[in-house]
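Colleague: Mind if I quiz you on the labels in this one? I'd like to hear the reasoning behind each.

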Amino acid sequence: MTQETPCTAVCIIDPKTSLCLGCGRTLGEIARWHRMDNAERREVMAELPQRMADAGLPSTVATRE
């Protein structure tokens with residue numbers, strides 16, 4: 001079973017926003033990602049493009065429908 005992930009292997013935390021520049025997740029979300037159920041992962045992933053836009057960061061996260 002594979003887990004969906006927004007990880008782009010660009011793991012740099014922006015000091016101003018505390019978001020990963022590669023995926024837009026917080027350190028807490030990254031740390032507990034493997035313990036989240038699929039619904040919680042999808043919920044976080046749906047927020048990432050807007051979260052990055054709100055922070056003024058370029059979004060590298062592909063949106064999925």
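Colleague: Which residues does Thr26 touch, leaving out those up to four places away in sequence?

Modeller: Ser18, Leu19 and Arg51. Bear in mind that the model is predicted. Thr26 sits in the segment before α1.

Colleague: And what makes Thr26 "partly exposed"?

Modeller: Its relative accessibility is 27%. Partly exposed is the band between under 20%, which is buried, and over 50%, which is exposed, so Thr26 at 27% gets that label.

Colleague: Ser18 has come up as a partner of Thr26. Why is Ser18 called partly exposed as well?

Modeller: Ser18 has a relative accessible area of 42%, and the exposed class needs over 50%. Ser18 also lies in the segment before α1, and its phi is positive, about 65°, although it is not a glycine.

Colleague: What is noteworthy about a positive phi?

Modeller: Most residues other than glycine have a negative one. Ala9 is another case here, with phi near 65°. Ala9 is in the segment before α1 too, but it counts as exposed because its relative accessible area is 65%, and the cut-off is over 50%.

Colleague: Back to Arg51, then. How do you know that Glu29 and Arg51 form a salt bridge?

Modeller: Their closest N and O atoms are 2.6 Å apart, and the rule asks for within 4 Å, so the pair qualifies. Glu29 lies in helix α1 and Arg51 in helix α2 (residues 38-54), so the bridge ties together parts that are 22 residues apart in sequence.

Colleague: What makes Arg51 buried?

Modeller: A relative accessible area of 17%, with buried meaning under 20%. Glu29 is buried as well.

Colleague: Why do you speak of a network there?

Modeller: Glu29, Glu47 and Arg51 are linked by salt bridges. Arg51 also meets Glu47, at 3.0 Å from N to O. Those two both lie in helix α2, 4 residues apart, about one turn of the helix. Glu47 is partly exposed, with 36% relative accessible area.

Colleague: How many salt bridges does the rule give in total?

Modeller: It gives 3. Among them is Arg32 with Glu40, at 3.4 Å between the closest N and O atoms, and that passes because the limit is 4 Å. Arg32 is partly exposed at 32%, and so is Glu40 at 30%.

Colleague: Arg25 is buried. Why does it get no salt bridge?

Modeller: The nearest side chain of opposite charge is Glu29, 6.0 Å away. A bridge has to be within 4 Å, so Arg25 with Glu29 misses the cut. Arg25 does have plenty of contacts beyond four places in sequence, including Trp33, Val44, Leu48 and Arg51.

Colleague: Which residues make up the largest nonpolar core?

Modeller: Trp33, Met36, Val44, Met45 and Leu48, 5 residues in all. Val44 touches Arg25, Glu29, Trp33 and Met36, leaving aside anything up to four places away in sequence. In soluble globular proteins, nonpolar side chains tend to be buried together.

Colleague: And which residues form the nonpolar patch on the surface?

Modeller: Ile13, Leu27 and Ile30, with about 240 Å² of accessible area together. Take Ile13: its relative accessible area is 32%, and patch members need over 30%, so Ile13 clears that bar.

Definitions and conventions: Residues numbered from 1 in each chain as written. Predicted model: local features only at pLDDT ≥ 70, side-chain atom pairs only at ≥ 80, totals over all residues. Heavy atoms only, no water. Buried < 20%, exposed > 50% of the residue type's maximum accessible area, 1.4 Å probe, protein only. Lys, Arg positive; Asp, Glu negative; His and termini not counted. Contact = heavy atoms within 4.5 Å. Patch = residues over 30% accessible without salt bridge, like charges linked within 9 Å, V, L, I, M, F, W, Y side chains within 5 Å. Areas by Shrake-Rupley, 256 points an atom, 1.4 Å probe, with all protein chains shown as cover. Core = buried A, V, L, I, M, F, W, Y, C linked by side-chain atoms within 4.5 Å.
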